[in-house]
Amino acid sequence: MRLPFLLTLPRVLRHSASVGADLPPDEAVSLDAPDPALRAALASAADGDHGPARELLAQTREHRQWELRDDCVSRLAEAALHNPGWLDAWQAEDPEDPDAALVGADLRIHQAWEVRTGESAGQVPPDQFRAFFALLEDAAPVIGRAAELNPDDPVPWRIALTHALGSQAPREVFDDYWAQALSLDPHHYGCHSAALAYLCAKWHGSHAEMLDFAERAADTAPPGSKLHALPLFAALEYTVLSPAAPTGPDPYAPRVAAAVDRALDLSAAYAPDSREAAGFRNCLVLMLLRTERWDEALDAFRSIGTRATRYPWAYFGDDPRQAFLDTRSGVRIQLASRTPFFGRPPQPRTAPAPAPGRAPGAPCAVAIAAARPADVAQAALMCGVSLRTAPATDTHTYVEAVADARPAKRSILSTEDPLTTAADNFTTGEKWPTLVLRRTPERCGLTLFLKGRPLAAHEWDATSPAPDHAAVTATAEALARAFALQDPRPLTHVLRSTGNPPRHQADLLAALSLPPLPPGFGERPDVLDALPGARVLARRGLLAGMRSAMTTRDGEHPPPPGAYRPRRPRWWLLRVLGLLLFTAAAVQSWAAPGIAPFHATVYTLAALYLATGLTRAWRRRRAHAAAAPE
């Protein structure tokens, strides 16, 4: 029986900082981060240049790197879904290029599923189903052409198997596609995954057939192959994603447990933070949480490191990365609540991933506040986050969050971006707006804060269509009001742009007459440290922040916590007089014939308090004088 929340809260507060302290910080986690070559190809494709993509896929074909080729083709097809110009130019330049034909074939599948959406069949209108099947029918000859141009490539058959799933192809067609895939590569992970999806109960098979297929593939797979994780995906489909739960004893429970144990063994064979193992490790976490194996789930998060994946977290909200972070934080809370108050938190069973600082695909953020650095610093004294400020212009300030060696307990388990949290705090009660800008390689976003409230938010995504016109218009009007612009229409045009998120983000700042983003933004952390006038506002506790807010003069930057501040002569005079007064009163009270213990104690404590303060101030003054240069 679980303890009530109020009884476990002290445990959480005591152990939350140490449980999972070796995990990468939230800001280092990225979603489906590609390798450097694919990242460069995707960035060039967003700019309309197909050259790097052509070179990358030609290398995978020549070296027969079918697994890598499959991943690259899928990511490039997704990038072409709403920005197909670069692929059209590539196919027009060389219609017989097998790589361009392969991306075009996979793009047809993506287009069909974009129309159908990922909703269950009962939620999809009939006209969308008709369009879905029509697009799949048109895709069939394109897939066949891709297979003809490169007969040794198994990737077209992975696309064909996905086509068979959506088009409701009969079993003999599926069997023919599967035989073709096996003849080219009997251990191709992508083909096996597509076949597994076809055989699951919600499509064209059954739970038993799906589990049998996955276990046969794993039993015949070479050591270290990701096919050993195929039973895990089948178990996840059966236990978590299936629409109906079994009634009575679960006939497949032993097979599900064996699949999880097999995946744990496979995970141990890969290095922490492995890109190749990220897919099944993210699924492994869910299966471990299903049986409340909290210690092993935290170890799985350690192995994942910075590599969150869209599947399976996309099933739990519109933001898969945030779902990953929320789940990871929840595991830490569970373990902290189960650790005795004076006990020791569980130690990691596996080596944690190497500290990455910040992964290449991790989000970065900077804010532009319409105020001077000193005004921003004074407003942020109690935000609970260390910040770095730098003057952007005479009336604007750059702000970024600085990682704390020992973050505040109230922020340890928070999964919100620390700069967004800080901006929400330091704009409260202020009249100047602040724009928080975020960037990853695939998308860029912004949030407008004024008087402690987020008034507008927007995101540019290279793989998404143009956003809704009404929503964009409302965002543009909010930005125009905040920054005193008369005409919001240029902002609307920029917000509706697609294809190159970093350029659109920069164009918006120019349209708002705001300073440009600092050099290096999106490429490295701490982009403000090299700017002239950059200063760090160290995090303060609540009482220290209140004291600094009351003692810092308007227009001055708050000094660091613990910094020496010379005392004025009036301060010394008042405290010396107070010490003499309370000392005399205490002596008289204790020496009087009719002693009043209460008054005598109060006078004594007041004298001791003043004496301690004077002694401490005198010592700090002497230490500062000794440390000062001659």
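Reader: Why is Asp-219 called exposed?

Author: In this predicted model, Asp-219 has a relative accessibility of 55%. The term applies over 50%, so Asp-219 counts as exposed.

Reader: Why is Arg-262 called partly exposed?

Author: Its relative accessibility is 26%. Buried would require a value under 20%, and exposed a value over 50%. The value for Arg-262 lies in between, so the residue is partly exposed.

Reader: What makes the contact of Asp-219 and Arg-262 a salt bridge?

Author: The nitrogen-to-oxygen distance between the two side chains is 3.2 Å. The criterion asks for a side-chain nitrogen of Lys or Arg within 4 Å of a carboxyl oxygen of Asp or Glu, so the pair qualifies. Asp-219 belongs to helix H11 (residues 207–219) and Arg-262 to helix H13 (residues 253–268), so the salt bridge ties together parts that are 43 residues apart in sequence.

Reader: How many salt bridges are found in the whole structure?

Author: The search finds 26 salt bridges. Among them is the one between Arg-388 and Glu-400, at 2.7 Å from N to O. Arg-388 lies in strand E4 (residues 387–391) and Glu-400 in strand E5 (residues 397–401), so this pair ties together parts that are 12 residues apart in sequence. Both Arg-388 and Glu-400 are buried.

Reader: What makes Arg-489 and Asp-487 a salt bridge, and are these residues buried or exposed?

Author: Their side chains meet at 3.0 Å, N to O, and the limit is 4 Å, so the name is justified. Arg-489 has a relative accessible area of 63% and is exposed, since the threshold is over 50%. Asp-487, at 31%, is partly exposed.

Reader: Which residues are linked in a network of salt bridges?

Author: The network links Arg-61, Arg-69, Asp-99 and Asp-153. Two of these residues, Arg-61 and Asp-153, are also touched by Trp-66.

Reader: How do you know that Trp-66 is buried?

Author: Trp-66, which is found in helix H4 (residues 66–80), has a relative accessibility of 7%. Buried means under 20%, so Trp-66 meets the condition. Leaving aside residues up to four places away in sequence, Trp-66 touches Thr-60, Asn-150, Asp-185 and His-188, among others. Another of its contacts is Pro-154. Trp-66 and Pro-154 are 88 residues apart in sequence, while their C-alpha atoms are 7.1 Å apart in space.

Reader: What is remarked upon in the phi of Arg-64?

Author: Arg-64 has a positive phi of about 55° although it is not a glycine. Most residues other than glycine have a negative phi. Arg-64 is placed in the loop between helix H3 (51–62) and H4, and it counts as partly exposed at 46% relative accessibility. Gln-168 also has a positive phi, of about 60°, and is not a glycine. The place of Gln-168 is in the loop between helix H8 (155–166) and helix H9 (171–184).

Reader: Why are strands E8 and E9 said to stand at the edges of the sheet?

Author: The open sheet has 7 strands in the order E8-E7-E6-E3-E5-E4-E9, with antiparallel pairing. Strand E8 (453–461) and strand E9 (535–537) each have a single partner strand, so one side of each is left without a neighbour in the sheet. From one strand to the next, the twist averages 20°.

Reader: How do you know that strands E3 and E6 pair?

Author: There are 6 bridges between strand E3 (residues 364–369) and strand E6 (residues 434–439), which run antiparallel. Pairing requires at least two bridges, so the condition is met. Cys-364 stands opposite Arg-439 in E6. Helix H21 (residues 469–482) packs on the sheet and touches E6, strand E7 (443–450) and E8, its direction making about 125° with that of E8.

Reader: Which residues make the nonpolar surface patch?

Author: Val-240, Tyr-311, Tyr-315 and Phe-316 make a patch of about 380 Å². Membership requires over 30% relative accessible area, and Tyr-315, at 48%, is partly exposed. Tyr-315 is in the loop between helix H16 (310–313) and helix H17 (320–338).

Reader: Why is the peptide bond from Tyr-311 to Pro-312 worth a remark?

Author: This bond is cis, with omega near 10°. Most peptide bonds are trans. Pro-312 is found in helix H16.

Methods. Residues are numbered from 1 along each chain as its sequence is written. This is a predicted model: local features need pLDDT of at least 70, side-chain atom pairs count only at pLDDT 80 or more; totals for chains, interfaces and linings use all residues. Side-chain values use heavy atoms; hydrogens and water are left out. Helices (H or I, at least four residues) and strands (E, at least two) are DSSP runs, numbered from the N terminus. Buried means under 20% relative accessible area, exposed over 50%, partly exposed in between (1.4 Å probe, protein chains only). Contact means heavy atoms within 4.5 Å. Axes are lines fitted to C-alpha atoms, for helices over the stretch in contact, and angles run from 0 to 180 degrees between N-to-C directions. Patches are made of residues with over 30% relative accessible area and no salt bridge: like charges are joined within 9 Å, nonpolar side chains (Val, Leu, Ile, Met, Phe, Trp, Tyr) within 5 Å. Accessible areas come from the Shrake-Rupley method with a 1.4 Å probe; for residues, only the protein chains shown count as cover.
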